[in-house]
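This report describes selected features of one protein chain for readers who work at the bench. Please keep the sequence and the structure in view while reading.

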Amino acid sequence: MKKHSARVAPLSACNSPVLTLTKVEGEDRPRENVVGTADGQPTAGGAGAESGGGRRRLRCCLRITAVQVRKALWGVAMVMCVCSSWAGSTQLAKVTFKQFDAPFTLTWFATTWNCLFFPLYYIGHLCKSPERQTPRQRFRECCRFFGDDGLTAKVFFTKVAPFGLLWTLTNYLYLQALRKINSTDVSALFCCNKAFVFLLSWIVLRDRFMGVRIVAAILAIAGIVMMTYADGFHSHSVIGITLVVASASTSALYKVLFKLVLGSAKFGEAALFLTIVGGANFVFISFVPVILYFTRVEYFGSPDEIPWACLCGVAGLLLAFNILVNFGIAITYPTLISLGIVLSVPVNAMVDLYTCEIHFNTVRLIAVFIICLGFLMLLLPEDWDQGLIQLATKLRKRDQPAEGSVEAGTSSGLNWSRRARTSMSTFAH
């Protein structure tokens, strides 16, 4: 039996992962024929074959059901973890800015934690893989993702550094938006990135056109406009909405360009890529927070005054979120992971309502609902309409035999009554 080769695209915050599983050959089994006699009565061997085939089919169905139940249970846990990590990082970042008003420094600090991706992946590789490799061997094997020559300086500056900049820009704009507007609006508006991904994929990657996704993109744009109208087009809220929409756009651009330039990556390759992004962020961008500090653009006093617990909490939650989003599809369905992202919107709304940082008017509620509805519509598979047609056909076919059996029963009853009347008349003669 051939192994599954799972491939994912490492994504920025709140992007949906892409999973492709190759079909396993040898799964389709031919139906077993039942051997019968000339008069239609099955022989003893045919009955045994039939019962044996029935038992095998039952065991196969039970095995498939158990696997699906296990994936569904993992999916429920994954939904809770993704939702709590994303909502927790958003709320904790909001709290951090009250003591540490330095969004770019926080972005740099959190992105540096990406260096832990490959070490954590290698620990998992040692625990799960039967063929254990040394870190150097695993590193060289994963470097083949960048080409035959591996990770060279040219590959780094042309295929890695641009994505690192997009990653940093996405998170920086998101954190800047948190300084302007409440967490509920930010998390809801950022869900529009999935609509932007579809539009860019349709234009750049020539993906399949789907009317339902066009409707979802229109709903997302309508939600953005309504969200702006909810606060009366004040300059403060308009700037915040512009920042989060720009963050969602760079997030979508990251994913589409990654698919265009690098394609898809295995789990180890994705972990190595994100680790390189974190290392490059530490090496090449560390001077920016220093310049911002001495120019007092982001001045935060002495190191003792820095809320290290909050900074580490935000970075740790973002790291956990990205690990779950990029590698959680190994144990559950990708749709459930995306569902955890959209569920963070009501969680943030409840927290904001409890802390009295938001006023829910009718326009804002409708805008949030429209954006979340568009996000859920984008989760529909490409053949969702064909699936509905097949389901309706199966239900129609299931009802037809029942009607046929009723008619057969009625006709047999009539035949029986006719025979009874004939026999009675014969007896009378």
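The following paragraphs treat the overall make-up, the salt bridges, one helix pair and two individual residues.

**Overall make-up**

The model discussed here is predicted. The protein contains 15 helices and 0 strands. Of its 429 residues, 41% count as buried. Among contacts with a separation of 6 or more, 81% are accounted for by residues 24 or more positions apart.

**Salt bridges**

Side chains of opposite charge can pair when their charged atoms come close. A search of the whole structure finds 3 salt bridges, and the table gives the partners and the N to O distance for each.

| Basic residue | Acidic residue | N to O distance |
|---|---|---|
| Arg179 | Asp101 | 2.7 Å |
| Arg138 | Glu141 | 3.3 Å |
| Arg364 | Asp185 | 3.2 Å |

In the salt bridge between Asp101 and Arg179, the closest N and O atoms are 2.7 Å apart. Asp101 lies in the loop between helix H1 (44–96) and H2, whereas Arg179 belongs to helix H5 (residues 153–180), so this pair ties together parts that are 78 residues apart in sequence. Asp101 is partly exposed, with a relative accessible area of 38%. Arg179 is likewise partly exposed, at 33%.

The salt bridge of Arg138 with Glu141 has its closest N and O atoms 3.3 Å apart. Both residues lie in helix H4 (residues 135–143), and because they are 3 residues apart, about one helical turn separates them. Arg138 counts as buried at 15% relative accessibility, since the limit for buried residues is under 20%. Glu141, at 30% relative accessibility, counts as partly exposed.

Arg364 and Asp185 meet through their side chains in a salt bridge of 3.2 Å, N to O. This pair links distant parts of the chain, with Arg364 in helix H14 (residues 362–377) and Asp185 in helix H6 (residues 183–190), 179 residues apart. Both Arg364 and Asp185 are buried.

**Packing of H2 and H12**

How are helix H2 and helix H12 arranged where they pack? Helix H2 (residues 103–112) and helix H12 (residues 308–327) pack at an angle of about 55 degrees, and their axes are 9 Å apart. H2 is therefore oblique to H12, and the crossing of the two helices is right-handed. On the H2 side, the contact is made by Leu106, Phe109 and Ala110; on the H12 side, it is made by Trp308, Leu311, Cys312, Val314, Ala315 and Leu318. By class, this contact of H2 with H12 has 9 nonpolar residues, no polar residues and no charged residues.

**Two residues within helices**

Thr250 lies in helix H9 (residues 235–261). At 11% relative accessibility, Thr250 counts as buried. Which residues does Thr250 touch, not counting those up to four places away in sequence? They are Leu166, Leu169, Thr170 and Leu173.

Gly374 is found in helix H14, the helix that also holds Arg364 of the salt bridge with Asp185. Gly374 is buried, with a relative accessible area of 2%. Leaving aside neighbours within four places in sequence, Gly374 is in contact with Ala216 and Leu219. The C-alpha atoms of Gly374 and Cys192 are separated by 8.1 Å, although these residues are 182 residues apart along the chain.

Conventions: Residues are numbered from 1 along each chain as its sequence is written. This is a predicted model: local features need pLDDT of at least 70, side-chain atom pairs count only at pLDDT 80 or more; totals for chains, interfaces and linings use all residues. Side-chain values use heavy atoms; hydrogens and water are left out. Axes are lines fitted to C-alpha atoms, for helices over the stretch in contact, and angles run from 0 to 180 degrees between N-to-C directions. Helices (H or I, at least four residues) and strands (E, at least two) are DSSP runs, numbered from the N terminus. Angles under 35 degrees count as roughly parallel, over 145 as roughly antiparallel, 65 to 115 as roughly perpendicular and the rest as oblique. A crossing is left-handed if the near helix is turned anticlockwise from the far one by less than a right angle, and right-handed if clockwise. Contact means heavy atoms within 4.5 Å. Ala, Val, Leu, Ile, Met, Phe, Trp, Tyr, Cys and Pro count as nonpolar, Asp, Glu, Lys and Arg as charged, and the others, Gly among them, as polar. A salt bridge is a side-chain nitrogen of Lys or Arg within 4 Å of a carboxyl oxygen of Asp or Glu. Buried means under 20% relative accessible area, exposed over 50%, partly exposed in between (1.4 Å probe, protein chains only).
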